[in-house]
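Student: I would like a close look at one part of this chain, the packing of its interior side chains and aromatic rings. Could you take me through that part step by step?

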Amino acid sequence: MQRGSTVYLYELAWILPSIAIPIGMLVALVVFAFGTGKHLPGDEGRVNPTRVMATAPFDQPGVVQVGPGAYEVRMIAGIWLFTPNEIRVPAGSTVTFVATSRDVVHGLFIPRANVNVMLLPGQIARVTTRFDRSGEYPFFCHEYCGVAHHAMWGKVIVEPTSEANIRRVDLGS
Ligand code: CUA
């Protein structure tokens, strides 16, 4: 009897942590994901990949202002370029990329802006980020898509706002 209950306590000492540790990790994951704004890019619907160029909004790829300080980039990935591959927005902008592929699987990776999405033919990806500091933010295709995959890149040019210009002048004088 004495020996039996000792074994039971040992079992309990192993079983309880094996439940508590995964629960603790799950809680840490949820807190980190929501606390730091990490999220999966949304699936914004479907598009016929053979008719991307004729389907809104991809029939007019480029940058459009959708609100004060808010821009939307309508982007098509295809072998082996992004359209558009040079994007200009003022510093402090919130930019939503609405993107898809017109042929094979590509990716959109902006290392300095927390953007990392796959661009699948037929599927529209949507991801939003903020560009607070002026400068150049290169982006790359990070899914192997053929012989010129390495040449598939572009850049977001974040232009200093007039306010930032004034501050720079003040610092310079
Ligand atoms: Cu497109 Cu790699």
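Tutor: A good place to begin is F131, which is buried, with a relative accessible area of 0%; buried here means under 20% relative accessible area, computed with a 1.4 Å probe and protein chains only. This is a predicted model, in which local features need pLDDT of at least 70 and side-chain atom pairs count only at pLDDT 80 or more, while totals for chains, interfaces and linings use all residues. Residues are numbered from 1 along each chain as its sequence is written, and side-chain values use heavy atoms, with hydrogens and water left out.

The ring of F131 pairs with that of Y137: the two centres are 4.8 Å apart and the planes stand at 80 degrees, so the arrangement is edge-to-face. By the rule used, rings of Phe, Tyr and Trp (its six-membered ring) pair if their centres lie within 6.5 Å, with planes under 30 degrees apart counted as stacked, over 60 as edge-to-face and the rest as tilted. Y137 is also buried, with a relative accessible area of 6%, and R112 lies over the face of Y137, at 4.3 Å from the ring centre; for such a placement, CZ of Arg or NZ of Lys must be within 6 Å of the ring centre and within 35 degrees of the ring normal.

The count of aromatic pairs comes to two. In the pair formed by F82 and F139, the ring centres are 5.1 Å apart and the planes are at 80 degrees, so this pair is edge-to-face. Because F82 lies in strand β4 (residues 81–83) and F139 in strand β10, the pair ties together parts that are 57 residues apart in sequence; strands are DSSP runs of E with at least two residues, and helices are runs of H or I with at least four, numbered from the N terminus. Both F82 and F139 are buried.

F131 and F82 also belong to the largest nonpolar core, which has 27 residues, and they are among the members that touch the most others, together with M75, F97, L108 and V156. A nonpolar core is a set of buried Ala, Val, Leu, Ile, Met, Phe, Trp, Tyr and Cys residues joined through side-chain atoms within 4.5 Å. Among the elements giving two or more residues to this core are β9 (123–131) and β10 (135–140), while β3 gives the most, with four residues.

Leaving aside neighbours within four places in sequence, F97 is in contact (heavy atoms within 4.5 Å) with residues including M75, L108, F131 and V156.

Key:
Buried < 20%, exposed > 50% of the residue type's maximum accessible area, 1.4 Å probe, protein only.
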